[in-house]
Amino acid sequence: MTRRWEPGTYDREAIREVYTEVRRGMQVERVRYRKIPHVGELIAWVDRKAYRVVAVEEREQANWHEQTMRAWEQAGSPDPCTWEGRERAVRLRPANDPAAKGRGYGLYPWATNDRWWPLREQYPVCCDCKLIWPCPCDEQTTEARAAMREFNRLAGIMPGCCWACGEPVTGRHHSIVFDGDNLLMPGAGPAVFHTSHSRKAKQGTCRSQAEDYEQQWVSADPDCRAVRLRCSGMLYRHIGASECTHGDTCPGAEASHSNYAHCTTASYSGWTPEGGAVEQPRPVSNCGTRGCRGPKAPAAVQSLRDVPREPKERP
């Protein structure tokens, strides 16, 4: 997920304003962030460029956005001319071009302020892309450094070690080997991962990284490779055994399933439009436990009266 951009150095005091409100019969000063810039103010826009505010104009209610109208109705439909959340149009001019005509942008004070920030007269600008710092050049450099650290980590993994934690994989560890080309380091040997927590491992994410690698590994050749660590079925726990609702297509009880439950527990996946509960698939078999929700075996004898009695021999 991309992090929301904001200038590294902006005037945090200029964006704050002090207002007075009455609480319990007393006037209290409070601080809030401005949603509308002042005319003549130097600001940073969301496109990472510096502008000078030329004018701030009101917008007619007929031209408001649908979300603004919804926010206005939720606020109780106050006077649209004095409502603090009403839309405004701001005309901006590039800071380095005073002769420019300027361009209009919309402001929505009812929402969060994530489109402009006040700047001081001196602000950092990248000498390559001419954008306000932090710029895409800095972000690309950070991403390149992170990729280089990951490459050095993978290059230092010895044969027979886990490609998640870098620790050796012994015969006492639960592990999995993915044959074929190594997708993490082309030219290296087959990738091997711990599938359970190792005492020697520095982190307990070997299983999750193995599942992510398996998804890429299967996608590279879906006709000849199958998933072994994940199953979308529901695993039921019987007495002495486990059973998946996918039957023979399940990789096994050791695989990570979408849901787990005991055979005597009723499980639901959601609700119908009418308000009824949608039950999860029931177990395929019945283990004989009292309350097991699997299909019951047909009774061979309906009642004790149907059992034939043997004649008693007299002494």
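**Exercise 1. In this predicted model, find the residue that stands opposite Tyr236 in E11, then work outwards to the sheet around that pair.**

Step 1. Tyr236 faces Glu243, and Glu243 belongs to E11.

Step 2. Go up to the strands. E10 covers residues 230-238, and its pairing with E11 is antiparallel, with four bridges.

Step 3. Now add the third strand. The order across this open sheet is E11-E10-E12, and the pairing is mixed. Strands E11 (241-244) and E12 (256-262) sit at the edges; each has a single partner strand, so one side of each lacks a neighbour in the sheet. From one strand to the next, the twist averages 30°.

Step 4. Look for what packs on the sheet. That's helix H3, residues 206-220, which touches E10 and E12. The directions of H3 and E10 make an angle of about 130°.

**Exercise 2. Work out which strands stand at the edges of the five-strand sheet, and pick out a bridge pair in E6.**

Step 1. Write down the order: E6-E5-E4-E3-E7, an open sheet with antiparallel pairing.

Step 2. Read off the ends. E6 (103-107) and E7 each have a single partner strand, so each is left with one side that has no neighbour in the sheet.

Step 3. Check the twist: the average is 45° from one strand to the next.

Step 4. Zoom in on one edge. E5 (residues 88-94) and E6 are joined by five bridges in the antiparallel sense. Within that pairing, Ala89 has Gly106 in E6 as its bridge partner.

**Exercise 3. Which residues lie on each side of strand E9, and are they buried or exposed?**

Step 1. Start with the general pattern: side chains in a regular strand alternate between the two sheet faces.

Step 2. Apply the pattern to residues 191-194. Ala191 and Phe193 are on one side, with Val192 and His194 on the other.

Step 3. Check burial, where the cut-off is under 20% relative accessible area. All four residues are buried, so both faces of E9 are covered.

Step 4. Find the partner strand. E8 (residues 175-178) pairs with E9 over four bridges, antiparallel again. His194 turns up here too, as the bridge partner of Ser175.

**Exercise 4. Compare the surroundings of Thr68 and Pro136.**

Step 1. Place them. Thr68 is in helix H1, residues 66-74, while Pro136 is in helix H2, residues 136-155.

Step 2. Get the accessibilities. Thr68 comes out at 0% relative accessible area, so it's buried. Pro136 has 29%, so it's partly exposed.

Step 3. List contacts beyond four places in sequence. For Thr68 these are Trp83, Gly85, Glu87, Tyr108 and Trp110. For Pro136 they are Arg48, Cys129 and Leu131.

Step 4. Take the Arg48 contact further. Arg48 and Pro136 are 88 residues apart along the chain, with 9.6 Å between their C-alpha atoms.

**Exercise 5. Track down some unusual backbone geometry: a cis peptide bond and the positive phi values of Arg24 and Lys130.**

Step 1. Set the baseline. Negative phi is what most non-glycine residues have, and most peptide bonds are trans.

Step 2. Find the cis bond. It runs from Trp133 to Pro134, with omega near 0°. Pro134 is in the loop between strand E7 (116-118) and H2.

Step 3. Stay in that loop. Lys130 is also between E7 and H2, and its phi is positive, about 65°. With 60% relative accessibility, Lys130 is exposed.

Step 4. Move to Arg24, whose phi is about 60°. Arg24 is in the loop between E1 (16-23) and E2 (26-33), and is exposed at 88% relative accessible area.

**Exercise 6. Describe the largest pocket by volume and lining, then step back to the whole chain.**

Step 1. The volume is about 270 Å³.

Step 2. Thirteen residues line the pocket; Glu17, Arg32, Lys35, Ile36 and Glu84 are the closest to its centre.

Step 3. Sort the lining by class: six charged, five nonpolar and two polar residues.

Step 4. Zoom out. The chain has three helices and 14 strands, and 29% of its 315 residues count as buried. Among contacts with a separation of 6 or more, 52% link residues 24 or more positions apart.

Technical notes. Residues are numbered from 1 along each chain as its sequence is written. This is a predicted model: local features need pLDDT of at least 70, side-chain atom pairs count only at pLDDT 80 or more; totals for chains, interfaces and linings use all residues. Side-chain values use heavy atoms; hydrogens and water are left out. Two strands pair if DSSP finds at least two bridges between them. Helices (H or I, at least four residues) and strands (E, at least two) are DSSP runs, numbered from the N terminus. Axes are lines fitted to C-alpha atoms, for helices over the stretch in contact, and angles run from 0 to 180 degrees between N-to-C directions. Contact means heavy atoms within 4.5 Å. On a 1 Å grid over the protein atoms alone, a cavity is a set of points where a 1.4 Å probe fits but cannot get out, and a pocket is an open set with protein on both sides within 12 Å along at least five of seven lines; lining residues have an atom within 4 Å of a point. Grid points are joined across faces, edges and corners, and a volume is the space filled by probe spheres set on the points. Ala, Val, Leu, Ile, Met, Phe, Trp, Tyr, Cys and Pro count as nonpolar, Asp, Glu, Lys and Arg as charged, and the others, Gly among them, as polar. Buried means under 20% relative accessible area, exposed over 50%, partly exposed in between (1.4 Å probe, protein chains only).
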